[in-house]
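Student: I have not seen this structure before. Can we go through it step by step, from the overall fold to single residues?

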Amino acid sequence: MGAAAIADLMARRFGAERVFRDCDRLQAGERYPDGLRAGLEAADVLVAVIGPHWLDASDRLGGRRIDAAHDWVRYEIARAFERGIPVIPVLLVAPPERTERLTDADLPADIAE
């Protein structure tokens, strides 16, 4: 199960109008930063879908993307914490892989909570 399937399940449970997923809700030509921020500011909870290689994803220079202050995933999680809304991490694992529980040391300080 991936992010799209999780969004579909949540839409059936809570109503499609109450579930924001950028690739489903942003309109063609809409500025991504503005649409993403608006969706995040309206949210009551953030479900952070984390794939098995999330911590290892690298940028063009070979650094971890999550360590970059401008990384959108990091921004979304940090902003949710700033707003005081719940953050629910969902770890996706494709068998036979296993995902270790994330620790504070794995993450940048602003999202380690």
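Student: How many helices and strands does the chain have, and in which order do the elements run?

Tutor: This is a predicted model. The chain has four helices and two strands. Read from the N terminus on, the order of the elements is α-α-α-β-α-β.

Student: Which radius of gyration does the chain have, and what would a compact globule have?

Tutor: A compact globule with 113 residues would have a radius of gyration near 13 Å. The C-alpha atoms of the chain fill a box of roughly 35 × 30 × 30 Å along the principal axes. The radius of gyration of the chain agrees with the globule value, at 15 Å.

Student: What share of the residues in the chain is buried?

Tutor: A residue is buried when its relative accessible area is under 20%. The chain exposes about 7900 Å², and carbon and sulfur atoms supply 52% of that area. Of the 113 residues, the buried share is 25%.

Student: How far apart do the centres of the positive and negative side chains lie?

Tutor: The two sets contain 15 positive and 20 negative side chains. Their centres are separated by 3 Å.

Student: Among contacts between residues at least 6 apart in sequence, what percentage join residues at least 24 apart?

Tutor: A contact needs heavy atoms within 4.5 Å. Of the contacts in the chain that join residues at least 6 apart, the share with partners at least 24 apart is 63%.

Student: Which elements give two or more residues to the largest nonpolar core?

Tutor: The largest nonpolar core has 15 residues. Those with the most contacts inside this core are Leu46, Trp54, Leu55, Ile66, Ile77, Leu107 and Ile111. The elements that supply two or more residues are strand 1 (46-50) and helix 4 (72-83).

Student: Is Leu46 buried or exposed?

Tutor: Leu46 is found in strand 1. Its contacts beyond four places in sequence include Leu40, Glu76, Ile77, Ala80 and Val87. Pro86 is also one of these contacts, and the C-alpha atoms of Leu46 and Pro86, 40 residues apart along the chain, are separated by 6.3 Å. With a relative accessible area of 13%, Leu46 is therefore buried.

Student: Which residues is Leu107 in contact with, leaving aside neighbours within four places in sequence?

Tutor: Leu107 is listed among the residues with the most contacts inside the largest nonpolar core. Two others on that list, Trp54 and Leu55, are in contact with Leu107. The full set of partners is Trp54, Leu55, Arg64 and Ala112.

Student: Is Pro108 buried or exposed?

Tutor: Pro108 has its place in the segment after strand 2 (87-91). Its contacts beyond four places in sequence are Arg64, Ile66, Asp67 and Arg74. The C-alpha atoms of Pro108 and Asp67 are 6.1 Å apart, although 41 residues separate the two along the chain. The relative accessible area of Pro108 is 8%, so this residue is buried.

Student: What is the relative accessible area of Gly51?

Tutor: Gly51 lies in the loop between strand 1 and helix 4. The C-alpha atoms of Gly51 and Arg31, 20 residues apart along the chain, are separated by 26 Å. Gly51 is partly exposed, and its relative accessible area is 27%.

Technical notes. Residues are numbered from 1 along each chain as its sequence is written. This is a predicted model: local features need pLDDT of at least 70, side-chain atom pairs count only at pLDDT 80 or more; totals for chains, interfaces and linings use all residues. Side-chain values use heavy atoms; hydrogens and water are left out. The radius of gyration is taken over C-alpha atoms; the globule rule is 2.2 Å times the number of residues to the power 0.38. Buried means under 20% relative accessible area, exposed over 50%, partly exposed in between (1.4 Å probe, protein chains only). Accessible areas come from the Shrake-Rupley method with a 1.4 Å probe; for residues, only the protein chains shown count as cover. Lys and Arg count as positive and Asp and Glu as negative; His and the chain ends are not counted. The place of a charge is taken as NZ of Lys, CZ of Arg, CG of Asp or CD of Glu. A nonpolar core is a set of buried Ala, Val, Leu, Ile, Met, Phe, Trp, Tyr and Cys residues joined through side-chain atoms within 4.5 Å.
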